[in-house]
Amino acid sequence: MSDVLAVTEHRRGELRDVSLEMISAGRELADETGGDLHLAVISGDVDTYADEVNREGVDAIHTVEYGEEFNHDVYAQALEQLADEL
């Protein structure tokens with residue numbers, strides 16, 4: 001069993017469509033591996049984004065509040081910690 005961790009994307013205060021597409025692809029992969037689908041929502045309005053991606057097929061949503069926009073170091077550190085947890 002292997003869980004799947006997908007990272008949502010947002011830009012200028014808007015969740016990107018690819019984040020919703022990842023739910024379908026991530027769910028398929030999780031089903032193939034017998035795992036759960038986890039989504040990471042990092043920075044920006046994490047509560048609003050988490051509500052938008054909270055859809056059927058998503059097993060867990062992890063939020064990391066830090067600033068409004070993409071910061072490579074924050075994303076790398078958050079994803080490393082999430083991957084270790086999962």
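**Salt bridges in the predicted model**

Asp-31 is exposed in this predicted model, with a relative accessible area of 53%. The side chain of Asp-31 forms a salt bridge with Arg-27, in which the closest N and O atoms are 3.0 Å apart. Both residues belong to helix H1 (residues 17-33); because they lie 4 residues apart in this helix, about one helical turn separates them. In contrast to the exposed Asp-31, Arg-27 counts as buried, at 18% relative accessibility.

Arg-27 also takes part in a salt bridge with Asp-59, for which the closest N and O atoms are 2.7 Å apart. This second pair links distant parts of the chain, 32 residues apart: Arg-27 is in helix H1, whereas Asp-59 lies in the loop between helix H2 (46-53) and strand S5 (60-64). Asp-59 is partly exposed, its relative accessible area being 43%. Arg-27, Asp-31 and Asp-59 are thus linked in a network of salt bridges.

A search of the whole structure yields 3 salt bridges. Among them is the pair formed by the side chains of Arg-16 and Glu-9, with an N to O distance of 3.5 Å. Arg-16 is partly exposed, at a relative accessible area of 31%, and Glu-9 is likewise partly exposed, at 35%.

According to an unreviewed UniProt entry, residues 4-85 are covered by the annotation "domain: Electron transfer flavoprotein alpha/beta-subunit N-terminal". Over these residues the chain is 48% helix and 23% strand, and the C-alpha atoms at the two ends are 12 Å apart.

Notes
Residues numbered from 1 in each chain as written. Predicted model: local features only at pLDDT ≥ 70, side-chain atom pairs only at ≥ 80, totals over all residues. Heavy atoms only, no water. UniProt positions renumbered as here; feature names shortened; annotations may be inferred. Salt bridge = Lys/Arg side-chain N within 4 Å of Asp/Glu carboxyl O. Buried < 20%, exposed > 50% of the residue type's maximum accessible area, 1.4 Å probe, protein only.
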